[in-house]
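Dear colleague,

I am handing over the structure below, followed by an account of what was found in it. Please look it over alongside the notes that come after it.

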Amino acid sequence: MGLFNVTHPAFFLLTGIPGLESAQFWLAGPLCVMYAVALGGNTVVLQAVRAEPSLHQPMCYFLSMLSFTDMAMSVVTLPTVLRTFCLSARTIDFHACLIQMFLIHSFSMMESGILLAMSFDRYVAICDPLRYATVLTNEVIAGMGLAVTSQSFITLLPLPFLIQRLPICRSNVLSHSYCLHPDMMKLACADITINIVYGLFVLISTFGMDLLFIFLSYVLILRSVMAIASQEERLKALNTCVSHILAVLAFYVPMIGVSMVHRFGKNVPGFINVLLSNIYLFVPPVLNPLIYSAKTKEIRRAIVHMFHRIKM
């Protein structure tokens, strides 16, 4: 019995990839590599921005927020994913599952908000470069980071309580190696309309609006770039956006795929849904530090200098 005087299981059973149980142990190796790249790569980016004075600028501060969020997401999912794939230890306490669910969705929303802030940075840098330093001051950047964090935690705070109010008696087996709100609510033997409506509200009002404003910012950026007479200058301006565009695609394309499968893919094999969810959670933290290290000359140079100092 819990806060809402309904029946909950003492624990949930996590699942690796349905239909590929025999191969789960062999998938543990690639997963460990991905986690190592995500944690190591984002740590290197954070350290490079901290240690290199030339990187103390708005875009790099936003990149630091993105790296921290990616690391947090990896840390939150790491214990249950590796226990499920490496040790076949599938159990997770009910309340621990609620906490993990809340943190996964919160950090995911934070990443979306940070990507929006980064698109605003690119908009100001290209469309109003003379005011860039006065618009994106350290105080404004800190305020934007605080706003994104507060919005994520406050918006998603009801989720654990919306799950706790539901009697869960159909099963205690989840379809992923971590806890997600849509996965947990499907196990309830009661009306889940409130959960569905609130989840859809969150999806549209945050992720949907973030993506819309990112798209609009690039429409304005493209219009401004097309007004530049020199083709070389146009390409130079657009090149500063490539890393951010790739990060946006790495985050939103898998998320849209997961949402489409959840709502319209009733006949889609279970492992497809799980695979898309894993890509959505695991791939952006791996790709983001690689993208920014490869495409941003200043960050690449700072990382090289940092390792050079370590060797000395």
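The lining of the largest cavity draws at least two residues from each of α2 (58–86), α3 and α11 (270–295), and the largest share, four residues, comes from α11. Please bear in mind throughout that this is a predicted model. The residues that line this largest cavity are D70, M73, S108, E111, F251, Y280, L281, P284 and P285, and sorted by class they amount to six nonpolar, one polar and two charged residues. The space inside the largest cavity is about 50 Å³.

In total, two cavities of 30 Å³ or more were found, and the second largest holds about 40 Å³ of space. Its lining is made up of L31, M34, Y35, A38, S74, F282, P285 and V286. Here α1 (24–51) and α11 each supply at least two residues, but in the second largest cavity the largest share, four residues, belongs to α1. By class, the lining of the second largest cavity has seven nonpolar residues and one polar residue, with no charged residues. P285 appears in the lining of the largest cavity and also in that of the second largest, which may be a useful place to start when you look at the two on screen.

Turning to the cysteines, the count comes to two disulfides. One of them joins C97 to C179, with a distance of 1.9 Å from sulfur to sulfur. The torsion about the S-S bond of C97 and C179 is about -115 degrees, so this disulfide is left-handed. The pair links distant parts of the chain, since C97 sits in helix α3 (residues 94–127) while C179 lies in the loop between α6 (158–164) and α7 (181–185), and the two cysteines are 82 residues apart. Both C97 and C179 are buried.

The other disulfide is formed by C169 and C189, whose sulfur atoms are 1.7 Å apart. The link of C169 and C189 is right-handed, with 120 degrees about the S-S bond. This pair, too, links distant parts of the chain: C169 is in the loop between α6 and α7, and C189 is in the loop between α7 and α8 (193–226), 20 residues apart. As for accessibility, C169 is exposed, with a relative accessible area of 51%, whereas C189 is partly exposed, with a relative accessible area of 32%. If the bonded cysteines of the protein are numbered in sequence order, the pairing reads 1-3, 2-4.

Which cysteine sulfur is nearest to that of C32, a residue that is in no disulfide? The nearest is that of C86, which is 4.5 Å away, and a disulfide would need the two sulfur atoms to be within 2.5 Å. C32 counts as partly exposed, at 35% relative accessibility. The sulfur of C241 is also too far for a bond, because the closest cysteine sulfur, in C127, is 8.8 Å from it. C241 counts as buried, at 1% relative accessibility.

Two further residues may interest you. T155 is found in helix α5, where it counts as buried because its relative accessibility is 15%, under the 20% limit that defines the term. The side chain of T155 reaches the backbone oxygen of Q151 at 2.6 Å. L246, in contrast to T155 in its setting, is found in helix α10 (residues 242–264) and counts as partly exposed, at 36% relative accessibility. The C-alpha atoms of L246 and N288 are separated by 8.3 Å, although these residues are 42 residues apart along the chain.

Finally, a word on confidence, which I would keep beside everything above. The mean pLDDT of the protein is 88, and 94% of its residues reach 70 or more. Among the elements of the protein, helix α5 (residues 138–156), which contains T155, has the highest mean pLDDT, at 96, and helix α12 (residues 297–311) has the lowest, at 80.

With best wishes

Key:
Residues numbered from 1 in each chain as written. Heavy atoms only, no water. Buried < 20%, exposed > 50% of the residue type's maximum accessible area, 1.4 Å probe, protein only. 1 Å grid on protein atoms, 1.4 Å probe; cavity = no way out; pocket = protein on both sides within 12 Å on 5 of 7 lines; lining within 4 Å. Points joined across faces, edges and corners; volume = space filled by probe spheres on them. Nonpolar A, V, L, I, M, F, W, Y, C, P; charged D, E, K, R; others polar. pLDDT = per-residue confidence, 0-100. Polar contact = N/O pair within 3.5 Å; in protein donor to acceptor, adjacent residues only side chain to side chain.
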